[in-house]
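Ready for a few exercises on a model with the sequence beside it? Take each task in turn, try it on the structure, and then compare with the worked solution.

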Amino acid sequence: MTIQEMAAACGWRLLAGEEGTGAQVEGCYIGDLLSWVMARAISGNVWLTVMGNVNAIAVAALTDVAGIVLCEDAALDEAARARAELQGIPVYTCPANLYETALQVAGQLHG
Amino acid sequence: MSMLHLHYDVPGDDFTRAGEASGDVKHKLKRLGYEPDAIRRVAIAMYEGEINMVIHAGGGEATVDIDPDKVDILLQDHGPGIADVSKAMQAGWSTAPDNVRSLGFGAGMGLPNMKKYTDLMEIQSVVGEGTTVHMVVNPGQKGS
């Protein structure tokens with residue numbers, strides 16, 4: 001399933017990086033500590049976090065995650081939005097918390 | 001003489017530009033057809049190094065030599081140096097200020113991550129003069 005399809009099913013709103021929304025989602029990673037996420041998130045994960053800064057976009061690019069979902073309406077700052085657009089990294093927002101969003105992801109991936 | 005020799009200036013105190021050098025190296029390795037695991041290891045180790053130079057050293061330089069069996073990364077800065085390298089290598093040890101922690105860094109994982117993802121890592125540091133980190137990734141070795 002693509003991240004675009006998952007976002008539509010879960011009601012996430014796209015903030016930036018439309019170019020990359022065809023990426024396939026094969027799993028999920030949750031975390032806010034960037035060094036930790038960088039070492040553990042893997043290609044194809046949808047990354048749930050509240051970190052909407054430019055370094056989060058860099059970590060997403062380096063790990064090849066399918067995209068970022070900023071939970072609990074966490075803000076995406078302007079530099080991060082520009083970088084996500086430039087690099088085609090989809091960033092979504094949703095009001096639900098990390099746990100609720102993870103349940104949505106699990107529902108989509110594992111039905 | 002390496003197959004590809006790259007040089008980058010890493011600007012100090014500018015978090016918005018950290019990751020440009022490692023991103024560019026990642027892109028080039030991809031185009032050269034390196035295996036994803038090796039690319040990932042190089043990118044993570046180099047990005048952590050870049051972040052360290054931004055946080056602690058007011059920037060620095062990165063030199064990368066790419067060969068089929070070896071990616072050689074040299075990070076040099078003229079920052080304050082590391083007083084106790086073995087302590088700095090311990091997971092969880094950090095001297096990063098609070099504003100850096102609020103960005104999602106400064107958890108004392110940078111140097112341990114760099115060691116974990118490389119096949120060779122050497123640190124030379126002189127307090128008051130700066131730090132040099134030499135890392136080598138051999139595609140096909142280690143694995144994450």
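A crossover is right-handed if, with the strands pointing away from the viewer, the path from the first strand over the helix to the second runs clockwise. Keep this in mind for the first exercise, and remember throughout that the model is predicted.

**Exercise 1. Find the handedness of the β-α-β unit that E2(A), H2 and E3(A) make.**

Solution. Start with the two strands: E2 (residues 27–30) and E3 (residues 45–49) of chain A pair in the parallel sense, over four bridges. To check the register, look at Tyr29(A), whose bridge partner in E3(A) is Trp47(A). Next, add the helix: H2 of chain A covers residues 34–40. Viewed as described above, the unit made by E2(A), H2(A) and E3(A) is right-handed.

**Exercise 2. Work out the strand order of the open sheet in chain A, and say which strands stand at its edges.**

Solution. Begin with one pair: strand E4 (residues 67–70) and strand E5 (residues 91–93) of chain A run parallel and are joined by three bridges. Within that pair, Leu70(A) has Thr93(A) as its bridge partner. The whole sheet has five strands in the order E1-E5-E4-E3-E2, with mixed pairing. E1 (13–16) and E2 of chain A are the edge strands; each has a single partner strand, so one side of each lacks a neighbour in the sheet. From one strand to the next, the twist averages 30 degrees.

**Exercise 3. Decide how H3(A) and H4(A) are oriented, parallel or antiparallel.**

Solution. First take the geometry: the axes of H3 (residues 54–63) and H4 (residues 78–87) of chain A come within 7 Å and cross at roughly 25 degrees. Angles under 35 degrees count as roughly parallel, so H3(A) is roughly parallel to H4(A). Then see who makes the contact: H3(A) contributes Val54(A), Ala56(A), Ile57(A) and Ala61(A), while H4(A) contributes Ala79(A), Ala80(A), Arg83(A), Ala84(A) and Gln87(A). Sorted by class, this contact has seven nonpolar residues, one polar and one charged.

**Exercise 4. Do the same for H1(B) and H2(B), then place H1(B) on the sheet of chain B.**

Solution. H1(B) and H2(B) pack at about 165 degrees, with their axes 8 Å apart. Angles over 145 degrees count as roughly antiparallel, so that is the relation of H1(B) to H2(B). The crossing is right-handed. Among the residues that meet are Val25(B) and Leu29(B) from H1(B), and Val42(B) and Met46(B) from H2(B). By class, the contact has eight nonpolar, one polar and three charged residues.

Now turn to the sheet, an open one of five strands in the order E1-E2-E3-E5-E4 of chain B, with antiparallel pairing. Its edges are E1 (4–11) and E4 (120–126) of chain B, and its twist averages 10 degrees from one strand to the next. E1(B) is joined to E2 (residues 59–67) of chain B by eight bridges, with His5(B) opposite Asp65(B). H1(B) packs on this sheet and touches E1 and E2 of chain B, its direction making about 160 degrees with that of E1(B).

**Exercise 5. Describe the side of chain B that touches chain A.**

Solution. Count first: 19 residues of chain B are in contact with 17 residues of chain A. Then assign elements: H1 (20–32), H2 (36–56) and H5 (110–117) of chain B each give two or more residues. H2(B) provides the largest share, five residues. Finally, by class, this side has 10 nonpolar, seven polar and two charged residues.

Methods. Residues are numbered from 1 along each chain as its sequence is written. Chains are lettered from A and ligands numbered from 1 in the order in which they are written. This is a predicted model: local features need pLDDT of at least 70, side-chain atom pairs count only at pLDDT 80 or more; totals for chains, interfaces and linings use all residues. Two residues are in contact if their C-beta atoms, placed from the backbone, lie within 7 Å. Ala, Val, Leu, Ile, Met, Phe, Trp, Tyr, Cys and Pro count as nonpolar, Asp, Glu, Lys and Arg as charged, and the others, Gly among them, as polar. Axes are lines fitted to C-alpha atoms, for helices over the stretch in contact, and angles run from 0 to 180 degrees between N-to-C directions. Angles under 35 degrees count as roughly parallel, over 145 as roughly antiparallel, 65 to 115 as roughly perpendicular and the rest as oblique. A crossing is left-handed if the near helix is turned anticlockwise from the far one by less than a right angle, and right-handed if clockwise. Two strands pair if DSSP finds at least two bridges between them.
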